[in-house]
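Student: Hey, could you walk me through a protein model? I'd like to keep it simple.
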Amino acid sequence: MDSALGHDTDLTAVCPVRGVLDRIGDQWSFLILLSLEDGPRRFNELMRQIGDISRQMLSRTLRRLEEDGYVTRTVFPQVPPRVDYALTPLGRSFMEPMRALVAWADRHHPAILDARGRYGA
């Protein structure tokens with residue numbers, strides 16, 4: 001029971017931030033979006049670029065990103081079939097604030113590592 005709303009609720013339905021972070025805050029989504037920022041990629045290109053992701057996890061994550069409207073999947077009717085993944089306008093707009101987050105992380109990473117070291121000492 002959600003005391004603020006007075007009934008059972010799905011928090012991702014009423015909290016847009018949580019709904020977005022739940023979907024893109026996993027280990028792989030952001031890396032996939034970063035990989036697509038420079039243009040469309042094929043599945044195997046994404047596998048090579050990301051490196052340590054399994055085929056199953058890449059496929060599952062791409063489906064979720066497509067479901068949420070961040071990514072498009074285009075199938076080209078040729079032999080063998082060719083499938084390209086690309087950012088949608090929504091996906092591109094999402095990358096704008098994420099670039100700011102990456103810049104912040106780069107700038108403050110030494111301070112974070114220093115704090116972790118002090119905490120563990």
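Tutor: Let's go through the chain overall, then its sheet, then a few residues.

Student: Sure. What kind of model is this, and how are residues numbered?
Tutor: It's a predicted model, where local features need pLDDT of at least 70 and side-chain atom pairs count only at pLDDT 80 or more, while totals for chains, interfaces and linings use all residues. Residues are numbered from 1 along each chain as its sequence is written, and side-chain values use heavy atoms, with hydrogens and water left out.

Student: How many helices and strands are there in the chain?
Tutor: You'll find 6 helices and 3 strands. Both are DSSP runs numbered from the N terminus: helices are H or I with at least four residues, strands are E with at least two. Starting at the N terminus, the order is α-α-α-β-α-α-β-β-α.

Student: And what share of the chain is buried?
Tutor: Of the 121 residues, 27% are buried. Buried means under 20% relative accessible area, exposed means over 50%, and partly exposed is in between (1.4 Å probe, protein chains only).

Student: Okay, the sheet. What order do the strands come in?
Tutor: The order is β1-β3-β2, in an open sheet of 3 strands with antiparallel pairing. Two strands pair if DSSP finds at least two bridges between them. At the edges sit β1 (41-42) and β2 (71-76), each pairing on one side only.

Student: How many bridges join β2 to β3?
Tutor: There are 6, with β3 covering residues 82-87. Val 71 has Leu 87 in β3 as its bridge partner, Thr 72 is opposite Ala 86, and Thr 74 is opposite Asp 84. The two strands make a hairpin, with 5 residues between them.

Student: What about β1 and β3?
Tutor: Those are antiparallel too, over 2 bridges. Arg 41 has Tyr 85 in β3 as its bridge partner.

Student: Is β3 mostly covered or mostly open?
Tutor: Mostly covered: 5 of its 6 residues are buried. Helix α3 (residues 29-36) lies across β1, β2 and β3, and runs at about 100° to β3. For that angle, axes are lines fitted to C-alpha atoms, for helices over the stretch in contact, and angles run from 0 to 180 degrees between N-to-C directions.

Student: Let's pick a residue in α3. Is Ser 35 buried or exposed?
Tutor: Ser 35, which is in helix α3, is buried, because its relative accessible area is 7%. Leaving out residues up to four places away in sequence, Ser 35 touches Arg 41, Leu 46, Gln 49 and Ile 50. Contact here means heavy atoms within 4.5 Å.

Student: New topic: which residues form a nonpolar patch on the surface?
Tutor: Val 17, Val 20 and Leu 21, with about 250 Å² of accessible area together. Accessible areas come from the Shrake-Rupley method with a 1.4 Å probe, and for residues only the protein chains shown count as cover.

Student: Where does Val 17 lie?
Tutor: Val 17 is in helix α2 (residues 16-24). Val 17 counts as exposed because its relative accessible area is 54%.

Definitions and conventions. Patch = residues over 30% accessible without salt bridge, like charges linked within 9 Å, V, L, I, M, F, W, Y side chains within 5 Å. Salt bridge = Lys/Arg side-chain N within 4 Å of Asp/Glu carboxyl O.
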